[in-house]
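Biologist: Please take a close look at one part of this model, the region at the end of the chain, and place it within the whole.

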Amino acid sequence: MIDKTVFENKIAAYYTLGCKLNFAETSTIGKVLSEQGVRKARPGEKADICVVNTCSVTELADKKCRQAIRRIGKQHPGAFIVVTGCYAQLKPEEVSRIEGVDLVLGAEQKLDILQYLDDLKKKEERGAVIASPTKDIRTFSPSCSADDRTRHFLKVQDGCDYFCSYCTIPFARGRSRNGTIASMVKQAEEVAAQGGKEIVLTGVNIGDFGKSTGETFIDLIRALDEVDGIVRYRISSIEPNLITDEAIDFVAHSKRFAPHFHIPLQSGSDDVLKLMRRRYDTALFRHKIEKIKEVMPDAFIGVDVIVGTRGETDAYFENARTFIESLDISQLHVFSYSERPGTQALKIDHIVDPKTKHARSQQLLDISDRKLHTFYEAHIGRKAEVLFEQTRKGGMMHGFTENYIKVEIPYNSSLVNETRQVTLGDWNEDKTALKIYDF
Ligand code: SF4
């Protein structure tokens, strides 16, 4: 039984580090607290409860979490600080020792936050409480973030069964699981009813959707495509071996799925892919890119790559670079390999020094810049449908085409969350977006 009086007149501040999945889950934690009457802190306002949803994808991510928690403690003196997310799941003791932390919630407990916020007593009075994280995480907690009026992040799947050699996510988020198609459709209908226009399907390994419900990813996207009111869906990162040709054909002919893909390659060398224990080779990856471009020539394709993994020799990197250069893709997201305790990658002998990692990263970023530039330039003068977003920066607003080209115009509040047919113009001043000729 929850004692509601504990939450009377309380104010909460929310902080999210890491991926879109975390953003969706923080938003659900916010909903749980607001149902108890807890109000969200306004900018600059002191909160009584601070919820920090952490990430642990790299050593640097852990460090950023520690810094953020300390900073939040100073910004909200006396607040009850709750830390959850991947870092809290993987290293609960370490997190509990950070100055100011009152409660550490594992991945399974984050949405049961109310039962742990029983008396809001500070650490000084009773010590930091660790709600012992469950190792075998199996619960699927539905989440959909609605922070922006335009774009919503719908969690369709959680966890991963792949155990790539460098990754700790399966330990932090547990086994692959998902909600039902019917529950996803319901959430999409709610987004549409609230006026939301764009939904990004998120998860850890979303192509694995259906494992726990006996359904399939293609049936999920078929069902979502029928939800009236949603203008666009985007599929966030999906493993190359799980994006089927059937799903690619479906997106090409669908009513609402945007020609926009985000596919992790991780390495363009087959030898390194084997060391990483990835489940495809470069031939399969190339086939997927060619298939997308065959049926959607203007599709935007973003690709994740990790440089400096253990075992990535000069020769392997050179193979990888040549392969990546040859792909018809739009942008690279380049990450530097980071050692993670408990991973199989630590057994590989060859270690890449930081200077070489940096140089490799730079080479791939240059390729990315060239590819992105070419992709944008090819669209100048062409017609496109833009959905304008809420954020205002320096008197300007932004929007995105279906194929993820960013456009910039002077701020006009009547265009927020609206779509318009436009002719794409030349680059803006800092070459980060295109201007618009007419609409
Ligand atoms: S597919 Fe591999 S890299 Fe992605 S979350 Fe699963 S184990 Fe980690």
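Modeller: What follows goes from the whole chain to domain 3, then to two of its loops, and closes with the ligand. The model is predicted, and local features need pLDDT of at least 70, side-chain atom pairs count only at pLDDT 80 or more, and totals for chains, interfaces and linings use all residues. Residues are numbered from 1 along each chain as its sequence is written.

The protein chain holds 14 helices and 20 strands, where helices (H or I, at least four residues) and strands (E, at least two) are DSSP runs numbered from the N terminus. Its radius of gyration, taken over C-alpha atoms, is 22 Å, close to the 22 Å that the globule rule gives for 439 residues, so the chain is as compact as a globular protein of that length. That rule is 2.2 Å times the number of residues to the power 0.38. The C-alpha trace spans about 60 × 60 × 45 Å along its principal axes.

By an automatic or database assignment of bounds, the chain is divided into domain 1 (4–131), domain 2 (144–377) and domain 3 (383–438). The C-alpha centres of domain 2 and domain 3 are separated by 25 Å. Contact between them involves 16 residues of domain 2 and 11 residues of domain 3, a contact being two C-beta atoms, placed from the backbone, within 7 Å. On the side of domain 2 that touches domain 3, six residues are nonpolar, three polar and seven charged. Here Ala, Val, Leu, Ile, Met, Phe, Trp, Tyr, Cys and Pro count as nonpolar, Asp, Glu, Lys and Arg as charged, and the others, Gly among them, as polar.

Two loops deserve attention. Asn 417 lies between strand S18 (406–410) and strand S19 (419–427), and has a positive phi of about 65 degrees although it is not a glycine. Lys 431 sits in the loop between S19 and strand S20 (434–438); its phi, near 60 degrees, is also positive in a residue other than glycine. Asn 417 counts as partly exposed because it has 18 C-beta neighbours inside 10 Å, whereas Lys 431, with 12, counts as exposed. The cut-offs are 20 or more other C-beta atoms within 10 Å for buried, 12 or fewer for exposed, and partly exposed in between, with C-beta atoms placed from the backbone.

As for the ligand, the residues around it include Cys 160, Cys 164, Cys 167 and Glu 239. Its shell divides into eight nonpolar residues, one polar and one charged.

Note on methods
A residue is near a molecule or strand if its C-beta atom, placed from the backbone, lies within 6 Å of it.
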